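Me: Please show me the sequence and structure, and then I will ask about the chains, their helices and some backbone angles.

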Amino acid sequence: MIEIRRLSRRFGSARALSGIDLEIPTGETVVVFGPNGSGKTTLIKLMAGLLRPTSGEVLVDGRPPRERRGRLGFLGHDLYLYPHLSVTENLVLFARLYDVGPSEATTALEAVGMAHKRDALVHTLSRGEGQRVALARAVLHDPDLLLVDEPFSGLDEASAAALPALLKREGRTLVVATHDTERGKAIAERIVILENGRISAA
Amino acid sequence: MNNVRKMFLLAAKDLRSEARAKEIAPPMVLFGLILVFLFTLDFPPGAGRAPVPGPVVGAVGSRELAGAFLWVSLLFAGILGFGRNASTEREGNRIEGLLLAPVDPAALFAGKALANFCYLWVLEVILFPVFVLFFDVPVGLLVPGVLLVALVVNVGLAAAGTLFGAASQYVRARELVMPLLLFPVIIPLVLGAERLTSSLLTGAGLGSQGRWFILMGAFDLAIVAIGAVAFEFIVNE
Amino acid sequence: MSPPTTTGRRSGTGRRSGTMLLIALVAAGMAVGILAIFFWVPTANCLVPGVAQGQPCFDARPDYVQHIFYMHVPIAYVAYLAFGVVLVGSVAYLKTGKRRWDILAHSSAEIGVLFTGLCLLSGMLWGRPRWGTFWTWDETLTLTFVLFLIYIGYLLFRGLAADPTRGARVAAVIGIVGFVDVPLVHFSMVWWRTLHPAEVIINPAGPQLPASELVTMLFLLAVYTGLYVALMLLRTRLGRAEEALAEAEAALEERPPPRAHVGITP
């Protein structure tokens with residue numbers, strides 16, 4: 001369960017988020033909508049522990065996200081892949097860092113349909129292929145909480161259609177930030193709308 | 001898997017990546033060689049074998065000076081490598097991918113520092129023979145003592161280079177900031193290395209230089225400890 | 001609408017008069033110290049351990065150059081103190097994230113750089129008549145100059161950082177790493193025979209100075225420490241005011257702009 005209380009985040013003098021209060025029960029799929037600059041990415045990163053709040057708090061099962069790293073998955077704009085290592089080498093590295101067996105890397109790779117590129121160096125992949133490997137990276141340790149920022153951008157029809165099945169899992173809390181209203185509504189169990197750093201509807 | 005093994009995993013990741021990309025070590029070595037060449041230009045032939053003047057403060061023979069040139073070249077070339085090694089994590093924000101994983105930030109630091117440590121040895125393996133050749137220094141005087149000196153220097157230099165390499169990723173004027181911060185901090189090691197090399201080259205050996213080893217060893221310990229603890233404050237947002 | 005008030009500040013007037021008193025004491029102490037140097041301590045002493053008080057050692061002229069020693073050494077010790085405070089402030093800032101520790105460290109670093117600069121300068125003034133040269137690259141001078149550079153780097157870095165919070169955090173790391181040099185400077189005077197005179201006060205064999213010199217030195221040490229504290233009080237107050245200003249500006253930014261009422265009620 002995610003608890004967010006009076007969360008604010010400032011960058012210098014610019015306020016990205018103000019006074020966010022939100023509770024997400026375990027296993028729920030929440031989609032965060034909002035125009036560019038509304039604070040969606042900031043919110044997702046705060047929930048992942050990549051950013052620290054200026055004030056307020058984020059708790060994942062009662063602890064700050066940085067204490068839950070092993071059970072948390074994040075997929076954002078950056079792929080977090082090493083260009084001169086192969087797809088498999090990258091995924092096995094992350095599997096080991098997340099304390100799971102290397103076979104999980106293979107399973108995840110097959111699930112995203114990139115098994116045929118297992119020995120390709122990451123810098124040779126197209127943007128879409130890279131995104132799929134990044135998705136494999138984000139889920140290979142079977143996280144209980146998956147945080148995703150703009151997953152549909154840059155994907156073709158087929159990949160975008162296949163995405164929800166890869167993100168969702170029974171019992172997993174899923175938070176997706178997107179401005180793609182149609183696809184977002186299709187997967188959401190709950191919707192949160194951000195505007196200028198505040199929740200305008202939830 | 002415990003954090004020590006993760007540290008080796010991360011260092012291996014850096015080295016394997018570099019073995020294919022060749023973006024760090026070749027420029028480092030090339031730069032180091034250029035510096036050594038530049039320094040040699042002003043030396044008369046046979047300077048390395050010239051008789052050494054007596055132990056008078058202020059009078060330095062060319063053989064003793066040669067040691068200083070070696071370590072300065074190493075330092076500058078090393079800084080090039082540290083900056084490039086750090087930027088591999090900055091590009092694409094890859095450091096975030098590592099910070100998200102359940103790895104102790106000290107292990108992240110140690111893995112990076114271990115890779116830098118290896119790059120320094122690669123640099124030395126090439127620069128030392130070149131140095132012997134161009135300064136015409138008797139090899140028997142240098143080896144094996146200089147390897148011990150290199151070991152003590154590399155530990156502290158790699159640790160400090162990792163720390164400040166990471167710090168410089170987050171500022172304007174990146175290439176300026178790293179040397180600006182690193183040079184003063186690392187002077188005790190460079191000074192010690194020069195004194196010890198000087199002692200080797202004049203035939204005095206390392207036996208009488210216990211104090212310098214203690215000082216440099218303590219310095220290394222302090223830098224590694226501070227680096228392991230402070231690294232996360234630099235790389236976390 | 002009233003601007004946001006700063007909380008947790010003690011009454012301004014009380015602090016100000018305390019600082020003024022301290023400054024007055026420091027000025028008085030400095031005057032007393034200078035008088036002691038010129039009229040109380042025998043002028044022909046020099047800094048060789050074991051030489052009996054009153055015995056000339058360089059020549060029979062009054063040794064005015066030696067007086068710099070009574071300033072140079074306390075200044076050096078206070079510089080160490082300042083950097084020690086930077087260490088404490090930096091560690092505390094990293095642990096707690098509270099801005100007041102960062103302000104403490106920043107202020108102390110500025111004053112430490114000032115004192116190190118004065119230490120180098122006074123050393124040079126002493127060195128020119130004594131050694132015939134302003135400078136030499138022996139271990140002690142080199143490491144002290146390095147100390148100077150490290151903390152200048154600390155101050156410069158803060159200006160170069162893109163994000164002020166990260167800049168402050170990295171500066172804190174520099175402040176911690178930089179302090180490793182301080183014991184090195186001290187030990188270089190104890191361990192090695194260099195051009196710079198050996199450490200005669202914090203010496204493994206005990207203080208090596210005759211009594212009147214030691215007393216004068218310790219007195220001036222107290223005076224310079226008082227000066228440090230006075231400067232810190234002034235500088236940290238300035239730092240806190242800057243911080244309050246920045247916070248007030250930020251608070252003003254986030255309030256939504258007032259809507260203009262054109263006279264017709266919607």
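The questions and replies below go through helix pairs, one bent helix, chain contacts and two loop residues.

Reply: This is a predicted model, in which local features need pLDDT of at least 70 and side-chain atom pairs count only at pLDDT 80 or more, while totals for chains, interfaces and linings use all residues. Residues are numbered from 1 along each chain as its sequence is written, and chains are lettered from A and ligands numbered from 1 in the order in which they are written.

Me: Are helix 3 and helix 5 of chain C parallel, antiparallel, perpendicular or oblique to each other?
Reply: Helices (H or I, at least four residues) and strands (E, at least two) are DSSP runs, numbered from the N terminus. Axes are lines fitted to C-alpha atoms, for helices over the stretch in contact, with angles from 0 to 180 degrees between N-to-C directions. Helix 3 (residues 99–131) and helix 5 (residues 164–178) of chain C pack at about 55°, their axes 11 Å apart. Angles under 35 degrees count as roughly parallel, over 145 as roughly antiparallel, 65 to 115 as roughly perpendicular and the rest as oblique, so the relation of helix 3 to helix 5 of chain C is oblique.

Me: How do helix 4 and helix 6 of chain C lie to each other?
Reply: Helix 4 (residues 139–160) and helix 6 (residues 181–191) of chain C have axes 8 Å apart and an angle of about 165°. Among the residues that meet, with C-beta atoms, placed from the backbone, within 7 Å, are C:L143 and C:L147 in helix 4 of chain C and C:V185 in helix 6 of chain C. By the angle, helix 4 and helix 6 of chain C are therefore roughly antiparallel.

Me: At which residue does helix 8 of chain B bend?
Reply: Helix 8 of chain B is mostly covered, with 21 of its 28 residues buried (20 or more other C-beta atoms within 10 Å; exposed is 12 or fewer, partly exposed in between; C-beta atoms are placed from the backbone). A bend is the angle between axes fitted to the seven residues ending at a residue and the seven starting there. In helix 8 (residues 174–201) of chain B, the proline B:P188 follows within four residues of a bend of about 55° at B:I187.

Me: Which helix of chain B gives the most to the side that touches chain C?
Reply: The contact joins 24 residues of chain B to 28 residues of chain C. Helix 7 (145–168), helix 8 and helix 9 (210–235) of chain B each give two or more residues to that side. With nine residues, the one that gives the most is helix 9 of chain B.

Me: Which helix of chain B gives the most to the side that touches chain A?
Reply: Here 19 residues from chain B and 19 residues from chain A are in contact. Helix 1 (3–21) and helix 4 (94–100) of chain B each supply at least two residues. The most, seven residues, comes from helix 1 of chain B.

Me: Is A:Y80 buried or exposed?
Reply: A:Y80 lies in the loop between strand 5 (72–75) and helix 2 (87–97) of chain A. Its phi is near 55°, a positive value in a residue other than glycine. Because A:Y80 has 22 C-beta neighbours inside 10 Å, it counts as buried.

Me: What is the phi of A:D99?
Reply: A:D99 is in the loop between helix 2 and helix 3 (102–111) of chain A. A:D99 is partly exposed, with 14 other C-beta atoms within 10 Å. Although A:D99 is not a glycine, its phi is positive, about 60°.

Note on methods
Contact = placed C-beta atoms within 7 Å.
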